[in-house]
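The exercises below go from the whole chain to a pocket and then to single residues. Please work through each task with the sequence and the model open before reading its solution.

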Amino acid sequence: MTGPGVAGAFTDGSGQIANVPLLLGDAAGEWTLVGGALNLTGAMGVSDAAPTPRFKPLAARTVTLALVNGTITAAGTLFEPTTSTKVADVTLDHALARGRARPT
């Protein structure tokens with residue numbers, strides 16, 4: 001418990017975004033829930049779930065995710081995991097009521 005809400009850490013998280021052939025795994029970081037706003041920071045692995053993968057697994061670092069008032073915003077930087085070569089900066093905005101995301 002924190003003064004205005006709750007906070008903690010997570011490890012070994014995984015998931016998949018519906019209708020998007022990406023697998024998220026090995027997620028670890030910190031989370032807070034304050035005033036109905038969920039915020040996460042951390043890192044994770046990203047791999048292609050397509051039957052014929054289009055890219056090799058990547059490491060997502062400096063990942064942030066916020067769920068506030070029915071909208072998810074997320075951002076992170078993708079790296080090649082063995083050389084730490086930066087591949088891309090990624091951001092996402094998803095209004096849950098719309099039922100689909102809009103990359104930004």
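Helices (H or I, at least four residues) and strands (E, at least two) are DSSP runs, numbered from the N terminus. The model is a predicted one, in which local features need pLDDT of at least 70 and side-chain atom pairs count only at pLDDT 80 or more, while totals for chains, interfaces and linings use all residues. Residues are numbered from 1 along each chain as its sequence is written, and side-chain values use heavy atoms, with hydrogens and water left out.

**Exercise 1. Describe the secondary structure and the overall dimensions of the protein chain.**

Step 1: The protein chain has zero helices and seven strands, so that, in the terms of DSSP runs, its elements read β-β-β-β-β-β-β from the N terminus on.

Step 2: The C-alpha trace spans about 45 × 30 × 20 Å along its principal axes.

Step 3: Of the 104 residues, 21% count as buried, where buried means under 20% relative accessible area, exposed over 50%, and partly exposed in between (1.4 Å probe, protein chains only).

**Exercise 2. Characterise the largest pocket and its lining.**

Step 1: A pocket is defined on a 1 Å grid over the protein atoms alone as an open set of points where a 1.4 Å probe fits, with protein on both sides within 12 Å along at least five of seven lines, and lining residues have an atom within 4 Å of a point.

Step 2: The volume of the largest pocket is about 1,100 Å³, a volume being the space filled by probe spheres set on the points, which are joined across faces, edges and corners.

Step 3: The lining consists of 41 residues, and Ile17, Leu24, Leu65, Ala74 and Leu92 lie nearest the centre of the pocket.

Step 4: Strands E1 (5-16), E2 (22-34), E3 (37-48), E4 (58-68), E5 (71-79), E6 (86-95) and E7 (100-103) each supply at least two residues of this lining, and E3 gives the most, with seven residues.

Step 5: By residue type the lining divides into 27 nonpolar, 13 polar and one charged, where Ala, Val, Leu, Ile, Met, Phe, Trp, Tyr, Cys and Pro count as nonpolar, Asp, Glu, Lys and Arg as charged, and the others, Gly among them, as polar.

**Exercise 3. Work out the surroundings of aspartate 48.**

Step 1: Aspartate 48 is in strand E3 and is buried, because its relative accessible area is 9%.

Step 2: The side chain of aspartate 48 makes polar contacts (pairs of N or O atoms within 3.5 Å; within protein, one must be able to donate a hydrogen and the other to accept it, and residues adjacent in sequence count only if both atoms are side-chain atoms). This side chain reaches the backbone nitrogen of alanine 50 at 2.9 Å, and one of its polar atoms lies 2.6 Å from the backbone nitrogen of arginine 54.

Step 3: Leaving aside residues up to four places away in sequence, aspartate 48 touches Pro21, Pro53, Arg54 and Phe55, a contact meaning heavy atoms within 4.5 Å.

**Exercise 4. Is threonine 77 buried or exposed, and which side chain does its own side chain join in a polar contact?**

Step 1: Threonine 77, placed in strand E5, is buried because its relative accessible area is 12%.

Step 2: Its side chain and that of aspartate 89 are joined by a polar contact of 2.9 Å.

**Exercise 5. Compare the backbone and exposure of threonine 62 and asparagine 69.**

Step 1: Threonine 62 has a positive phi near 45 degrees although it is not glycine, and asparagine 69, likewise not glycine, has a positive phi near 50 degrees.

Step 2: Threonine 62 lies in strand E4, whereas asparagine 69 is in the loop between E4 and E5.

Step 3: Threonine 62 is exposed because its relative accessible area is 60%, and asparagine 69 is exposed because its value is 77%.
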